[in-house]
Amino acid sequence: MYGMLLESVQHFVQLEYGELVWKQALHTAGCKLTVFNTYQQYPDSLIPDLAAALSAITGRSIDDFMVFFGRCFVRFFSNFGYDELIKATGRYFCDFLHSVDNIHLQMRFTYRKMKSPSMQLIEVDEQGAVLVYRSTRSGFSKYLRGQLMEIAKQLYNMDVTIKVLESQNDVPGGTAGPISIQGGLKTVIVKYRLDFDNRDYMQRRVHITAHPSQLQLSPVSSSVLLDLFPFALILNEQMRITAAGEKLIESWILNNATRSPTELMGSKVTEYFKLRRPTGITFTWENMKRLQTVNFEIQLLKGSTVQESAEASGTHVDLKPSIHEHDDPSKLMSIARRGSQGLRSILLKGEMRYIKDINSLVFLCSPLINNLEELREVGLYLNDLNTHGLSREMVFSGFSHNSRLDLMCEREEKRAEELETSLALADSWKRQGDELLYSMIPRSIAERLREGQNPLETCQSFEEVTVLFAEIQESLTSDDSIKYAMTTVNTLNAAFSAFDELIQSPMAYKVETVGKVYMAVSGAPDVNPCHVQHTGDLALGMLQSIHDLNLPGVGVKIGFHTGPIVAGIVGLKVPRYCLFGDTVNTASRMESSSDTNKIQVSGYTANKLRKYGFKLTFRGQVSVKGKGEMETFWLDAGPSGSGKRLNMS
């Protein structure tokens, strides 16, 4: 499908449900794209997947969202002027329903890879109509329902009630029809009953009587009709060809050089022609009479294709040359020399009209050719085209504008690729920027600042947290100060990187490093009732990390304390998340007065650790600056002996 369908979904979901719901839907549907390009193709499964995702998020049914998506598309395509195209199809809603298949045909010139469904009215009355929908994609019948209801409401100011009369192969939520035993996709067929006020249309289009002047017209020979339409076909009630235009016969000879043109007359139309559009319709008398307002596309089959078609139907086709007495051999050979089996099959487009006077169907058509290149491919010349139609003008127009259109499309596709690349880079840069920001400021605080909150308002007080300090100790010295400095940097980088791997939010948060000192906290900025336990585990893990690094002459002093603090963002240049209060000072004293490769904690913290099963040893009274004498303890091991402190002295 083209990106315009997804653009409409994105716009109105964001408008009616919000940006957050749309992002959740993309994540749930597994869609990594955030922007859709109008003329780019995307997987058909995206629409049903997004409907299922939004259903899971909001609780509404998938069918409701498929109908909603159909309405969104109609409301959205007015930005491209397509609402004016629909209004121009006819005065009544029923005129649009008759022309919807023709609109899809015209849209193929703008959206060349469009896989449009086929829709035909089979019944019309004063209370509404019956519409048959055919497609190779399942799950989109509800999408069509939303489109029809919105078109009726917005463009024709009427309410339409739609119900399904019959349905075949329409798997809910699917994107491809079921596979048949013979191979290929089964066609999805849905018959709708549309109830609306159709009285004006019936009175002015169906029940209208012929003007007296038309009843007095004299009969006209069918040969005049074939002169006006040199590619026309006349079919009788048995769907056999009773007459054909001169140019059509010539084209038939070009594609069947070994056969006589007399074989075309009286043969079944399905032997030499294939109905391409509308899809899913069989070549029967009743169908052709019922669909007289629909544009048909019929392909002239080539000789080998005719043989395959005949063999499939059990009919014998003689491919040997057959010249009849009344044929002019020189003329036939002249026409045949123009052709080649390498020619492309000609495609005829027009309407199938029923002529009551002769009880026949007349296919009034012309070749579907866009430019001079296609004209050569089917073996025709400009003089072969209808003089009274627009065929020649279309070929000239296609010749002059096709290359420019292709160039514009290529440029748009290139721009779309560049835009997607730029968006991917922007996302990557945003992630890197976020990671850098979160390394300086806690994620929760950063998000509040992004929402426009004043930095002063981020200041918080915490009743109780646990603050930890760890200082790297080195016993090695060197006469070369530069060499010693480089060794110190490498040592600190290895040690602090190992500590960083132990930090897991929200259990602990790294505050900063100053020189050889590493500072962390548990319980802020995210409240954590188990902050003492998590800090104990972190301290034992730090001790183990230094042992595992096996750096000669390197140890660590660790200390922590529990109490209240105040925390907030400080500074404009390189802002930092800082902690304030006596608890920070006491924790720093616990570290500075500790011994190498030991963990010292205050008495208050030790009592809390014992409740979690940590193993501690009483150290005694320690003189703490600003506090005097304090009872402190060594943390030896975690609960049940886990995380035992190592003796590395």
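The structure holds 20 aromatic pairs, and one of them joins Tyr 17 and Phe 68, whose ring centres are 6.1 Å apart and whose planes stand at 85°, so the pair is edge-to-face. The model is a predicted one, and every value below is computed from it. Besides the aromatic pairs, this briefing covers an open sheet of four strands, an open sheet of six strands, the mostly covered helix α11 and two cavities of 30 Å³ or more.

**Aromatic pairs around Phe 68**

- Tyr 17 belongs to helix α1 (residues 3-17) and Phe 68 to helix α4 (residues 62-76), so their pair ties together parts of the chain that are 51 residues apart in sequence.
- The two partners differ in how much of their surface is accessible: Tyr 17, at 23% relative accessibility, counts as partly exposed, whereas Phe 68, at 8%, counts as buried because the cut-off for buried is under 20%.
- Phe 68 also pairs with Phe 69, in a tilted arrangement with 6.1 Å from centre to centre and 50° between the planes, and both of these phenylalanines are buried.
- Ring pairs extend this arrangement into a cluster that links Tyr 17, Phe 65, Phe 68 and Phe 69.

**The four-stranded sheet**

- The strands of this open sheet follow the order β1-β2-β4-β3, and their pairing is antiparallel.
- At the edges stand β1 (118-125) and β3 (161-168), each of which pairs on one side only.
- On average, and with direction ignored, neighbouring strands in this sheet are turned by 20° against each other.
- Seven bridges connect β3 with strand β4 (residues 188-195) in the antiparallel sense, and across this pairing Val 164 has Tyr 192 in β4 as its bridge partner.

**The six-stranded sheet**

- The second open sheet described here has the strand order β6-β5-β10-β9-β8-β7, again with antiparallel pairing.
- Its edges are formed by β6 (241-244) and β7 (273-277), each of which has a single partner strand, so one side of each is left without a neighbour in the sheet.
- Neighbouring strands in this six-stranded sheet are turned by 30° against each other on average, direction ignored.
- The edge strand β7 pairs with β8 in the antiparallel sense over four bridges, and here Arg 277 stands opposite Glu 297 in β8.
- Strand β8 (residues 295-300) in turn pairs with strand β9 (residues 347-355), antiparallel and over five bridges, with Asn 295 standing opposite Glu 351 in β9.
- Strand β9 is also joined to strand β10 (residues 360-367) by eight bridges, the two running antiparallel, and Ile 355 has Ser 360 in β10 as its bridge partner.

**The loop between β9 and β10**

- The hairpin of β9 and β10 has four residues between its strands, and within this hairpin Asn 359 takes a positive phi near 50°.
- Ile 358 lies in the loop between β9 and β10, where a relative accessibility of 42% makes it count as partly exposed.
- Although Ile 358 and Asn 236 are 122 residues apart in sequence, their C-alpha atoms are 8.7 Å apart in space.

**Helix α11**

- Helix α11 (residues 246-255) is mostly covered, with eight of its ten residues buried.
- The buried residues of α11 are Lys 247, Leu 248, Glu 250, Ser 251, Trp 252, Ile 253, Leu 254 and Asn 255.

**Cavities and helix α17**

- Of the two cavities of 30 Å³ or more, the largest holds about 40 Å³ of space.
- The lining of this largest cavity is made up of Val 35, Phe 36, Asn 37, Tyr 42, Ala 416, Leu 419, Glu 420 and Leu 423.
- Sorted by class, the lining has six nonpolar residues, one polar residue and one charged residue.
- Helix α17 (residues 391-440) contains Ala 424, which is partly exposed with a relative accessible area of 44%.
- Ala 424 and Leu 33 are 391 residues apart in sequence, yet the distance between them in space is 9.1 Å, C-alpha to C-alpha.

Terms used
Residues numbered from 1 in each chain as written. Predicted model: local features only at pLDDT ≥ 70, side-chain atom pairs only at ≥ 80, totals over all residues. Heavy atoms only, no water. Pairing = 2+ DSSP bridges. Axes fitted to C-alpha atoms, helices over the stretch in contact; angles between N-to-C directions. 1 Å grid on protein atoms, 1.4 Å probe; cavity = no way out; pocket = protein on both sides within 12 Å on 5 of 7 lines; lining within 4 Å. Points joined across faces, edges and corners; volume = space filled by probe spheres on them. Nonpolar A, V, L, I, M, F, W, Y, C, P; charged D, E, K, R; others polar. Buried < 20%, exposed > 50% of the residue type's maximum accessible area, 1.4 Å probe, protein only. Phe/Tyr/Trp six-rings, centres within 6.5 Å; stacked < 30°, edge-to-face > 60°.
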